[in-house]
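Please work through the following exercises with the sequence and the model side by side. Each task is followed by a solution that goes step by step.

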Amino acid sequence: MRTRFWLGLFATFLIIPQLASAAYGDTSTYASKIYHGDGLNRLKAFFDFPEDIVVNNNGAFLIADTYNNVIRRIKPGGKVKTFAGTGAYGDTNDLKHKSEFAWPKGLDQANGVVYVADTGNDKIKKIKNGVVTTIASGLDAPEDVLVSGSTVFILDTQNNALKKVTTDGDGLTTVAGSLNDPKKMDITSDGGTIYVANGGTYQLKKVNVSSGAVTTVAGSGAAGSANGACDEARFENIWGVHVYDSETIYVSDGDGFDDTVRKVDLSGDDCQVTTFASDSNMVSINFPTGLTSYDGNLYVLATGIGIVQRYSLDDADDNDKFAGANRFNVKNASPMLTGNPKYMVLSKSKRRIYFSENNRIRWMPKKSGKKTAKLIAGSVIDNYNADDTEAWVKDLARFSDVSSFALSKSGKKLFVVDRNNNRIREVVIKTGSTSYLTGAGKKNLRSDQGNDYQNGDKCNNEFDTGVSGCAYFDRPMGSALSKSGKYLYVADSGNNAIRRVTVRGDNKGKVKTLAGGNGSGYTDATGTDAQFSAPIGLAISKSGKVLYVADRDNQVIRKVNIKTKAVTTLAGTGDNGYLDSVFASAQFSYPEWITRAKNGDLFVSEVGGQKIRVLDRSLGVVKLVSGSGDRGFANGARKTAEFNNPRGMLALGNNKLLVAELYTDLIRSIDISGEAPYTEAAP
């Protein structure tokens with residue numbers, strides 16, 4: 001390979017001063033912050049899918065702010081402060097404000113010492129005297145931890161076990177190894193029994209700490225939502241556990257649509273399960289996880305909407321929001337915050353950047369230094385509007401994961417891929433009016449659900465599958481508009497197909513398959529004889545004749561001749577890895593999104609490699625743009641910068657590439673002036 005690069009490398013060496021001065025690949029933050037709210041009142045702070053909460057005797061709360069990778073503290077007076085962590089995903093033990101965690105999901109505290117289930121790092125950490133250390137490792141995604149005396153108990157979730165270790169980290173042993181996807185736990189006041197939310201069997205279990213014996217307390221073992229006698233009750237997704245007293249246990253349950261806090265009454269001979277509180281509107285206890293009580297109130301961590309809801313234990317109707325400003329990290333100004341940004345498009349005037357985040361579309365000025373944002377359409381609540389014959393304006397519009405969108409040729413509309421609703425929507429940018437364009441079948445899907453596959457026409461208000469004549473998608477992702485502006489090409493990821501949607505004219509809403517759609521696979525062929533495996537991002541050539549496809553699970557970049565429907569491989573061997581080389585020898589690691597630069601080069605974001613790569617069309621080689629390969633957050637030079645799930649990209653001329661970074665809630669900026677350096681040195 002090096003001999004094939006030699007002439008290019010020789011030319012590169014001749015312009016080393018120019019490359020050095022250009023600082024190609026230098027990465028910085030363009031907009032937003034990783035997290036926000038320190039020093040503010042608890043109702044103004046933002047939490048990102050937090051999963052556990054504990055409180056001390058003085059009324060100070062600690063929260064495992066999971067996707068912000070920090071531990072937050074709510075002081076008795078109501079102010080929020082970061083207790084430990086930098087916000088970057090990582091595994092660094094240091095002073096607590098310099099340490100890094102990886103999606104911490106559980107925590108506990110005793111005698112001024114805090115213990116953390118550092119889930120993504122498979123470890124248990126201890127924070128004592130301002131320093132973070134590891135007391136247990138070699139676990140598999142532990143989701144909870146609790147301390148009793150000199151013993152730390154651990155739910156080693158993916159190993160289906162309850163384990164223990166001393167507070168000094170000695171003697172890691174298994175207490176019970178017969179659990180199934182255990183989520184959260186709590187212990188009785190005498191330290192003899194641990195109650196466990198056993199997610200895999202939809203049951204509340206109890207473990208005898210001395211013998212390790214496991215018995216069922218409540219739940220029939222079948223999924224569902226039913227109260228009554230404990231052995232007949234059903235749980236949908238049992239998550240959190242709080243032992244209030246010897247006769248009362250609270251558990252959190254639900255599926256994100258219908259969520260509850262259930263009460264398990266152990267008094268008397270007849271154990272009973274009842275509903276303590278419920279929410280079907282995603283406003284109070286959406287995806288509830290951690291639970292704790294203090295001063296006559298039950299505190300419920302609503303992970304799905306990033307808040308803490310407070311309930312009077314005497315009357316659940318007496319409740320209010322205790323902490324959390326809003327779902328996701330969303331704020332228009334001072335500072336402007338983005339929550340799970342995914343995709344970006346430049347306005348026709350080139351003065352504005354339209355971007356999607358969670359279930360909303362906003363815009364911000366392109367001009368540097370003016371980082372404010374305004375809503376175009378959508379809400380932080382994921383859903384689908386009730387009637388396809390109506391237009392829904394601005395925050396009345398409901399989406400469920402705006403994965404991508406394309407600007408109409410006039411620049412006045414956005415054609416939106418509403419992923420989990422399996423539909424294509426149309427948004428008038430000026431008014432925010434959102435209307436149905438095409439698609440049918442299931443709405444607001446979870447990741448484990450699927451829809452149908454069928455070519456056809458638009459079908460208003462059709463929520464059943466298999467209806468003749470209706471067009472169906474299955475969790476579509478990327479999109480690109482044809483040069484004429486008449487067609488929207490869509491990566492129908494769940495159906496492994498590239499689809500064509502007519503977006504104007506008499507056949508508006510009609511869907512046809514351009515290529516693929518005959519199952520997951522890797523086959524270069526024509527039309528429906530070709531196969532893809534989870535195609536994600538799309539880009540279209542300047543001529544409008546070729547579509548470029550990030551074929552994620554095949555680890556390659558494909559191209560589709562729009563006229564002939566011929567599918568070929570442009571770059572990648574099909575092996576998962578990292579290798580900068582000529583197109584045919586290069587390796588990718590789950591390439592997801594792709595965008596075209598003005599000069600025809602193609603930028604690709606890799607969720608597996610946590611890198612940004614470029615396909616240099618003039619040289620026929622793949623090069624690194626930025627990314628060390630380590631998941632995390634770090635600005636800096638191209639080989640030391642770190643990303644955490646980079647998504648859609650936007651090239652601003654020939655000098656700057658913007659990257660929507662999902663898990664850090666940031667828009668990053670990469671210097672692409674000049675030519676990307678070669679990865680390997682000359683022989």
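**Exercise 1.** Are Asp-65 and Arg-72 buried or exposed?

*Solution.* The structure is a predicted model, in which local features need pLDDT of at least 70 and side-chain atom pairs count only at pLDDT 80 or more, while totals for chains, interfaces and linings use all residues. Residues are numbered from 1 along each chain as its sequence is written, and side-chain values use heavy atoms, with hydrogens and water left out. Begin with the cut-offs: buried means under 20% relative accessible area, exposed over 50%, and partly exposed in between, with a 1.4 Å probe and protein chains only. By this rule Asp-65 is buried, and Arg-72 is buried as well. Next, look at how the two side chains meet: they form a salt bridge with an N to O distance of 2.7 Å, the term standing for a side-chain nitrogen of Lys or Arg within 4 Å of a carboxyl oxygen of Asp or Glu.

**Exercise 2.** Which parts of the chain does the pair Glu-143 and Lys-183 tie together?

*Solution.* First take the distance, for the closest N and O atoms of the Glu-143 to Lys-183 salt bridge are 3.5 Å apart. Then place each partner: Glu-143 lies in the loop between β9 (131-136) and β10 (144-148), and Lys-183 lies in strand β14 (182-187), so the salt bridge ties together parts 40 residues apart in sequence. Strands here are DSSP runs (E, at least two residues), numbered from the N terminus. Finally, check accessibility: Glu-143 counts as buried at 5%, and Lys-183 counts as buried at 12%.

**Exercise 3.** How many disulfides are there, and how are the bonded cysteines paired?

*Solution.* A disulfide is taken as a pair of cysteine sulfur atoms within 2.5 Å, and the count by this rule is 2. One of them joins Cys-230 to Cys-271, with the sulfur atoms 1.8 Å apart; the torsion about its S-S bond is about -65°, so this disulfide is left-handed. Cys-230 sits in the loop between β18 (228-229) and β19 (241-245) and Cys-271 in the loop between β21 (259-265) and β22 (272-279), 41 residues apart. Another links Cys-459 to Cys-470 at an S to S distance of 2.1 Å, and with -100° about the S-S bond this link is left-handed. Both Cys-459 and Cys-470 are in the loop between β35 (433-438) and β36 (479-481), 11 residues apart. Numbered in sequence order, the bonded cysteines pair as 1-2, 3-4.

**Exercise 4.** Which residues have the most contacts inside the largest nonpolar core?

*Solution.* Such a core is a set of buried Ala, Val, Leu, Ile, Met, Phe, Trp, Tyr and Cys residues joined through side-chain atoms within 4.5 Å. The largest has 34 residues, and those with the most contacts inside it are Leu-414, Phe-603 and Leu-657. Strands that each supply at least two of its residues include β27, β32 (402-407) and β49 (656-661), and the largest share, 3 residues, comes from β32. Leaving aside neighbours within four places in sequence, Leu-657 is in contact (heavy atoms within 4.5 Å) with residues including Phe-603, Ile-612 and Arg-668. To close, follow Arg-668 to its own partner: its side chain meets that of Glu-661 in a salt bridge of 2.5 Å, N to O, and both Glu-661 and Arg-668 are buried.

Notes
Helices (H or I, at least four residues) and strands (E, at least two) are DSSP runs, numbered from the N terminus.
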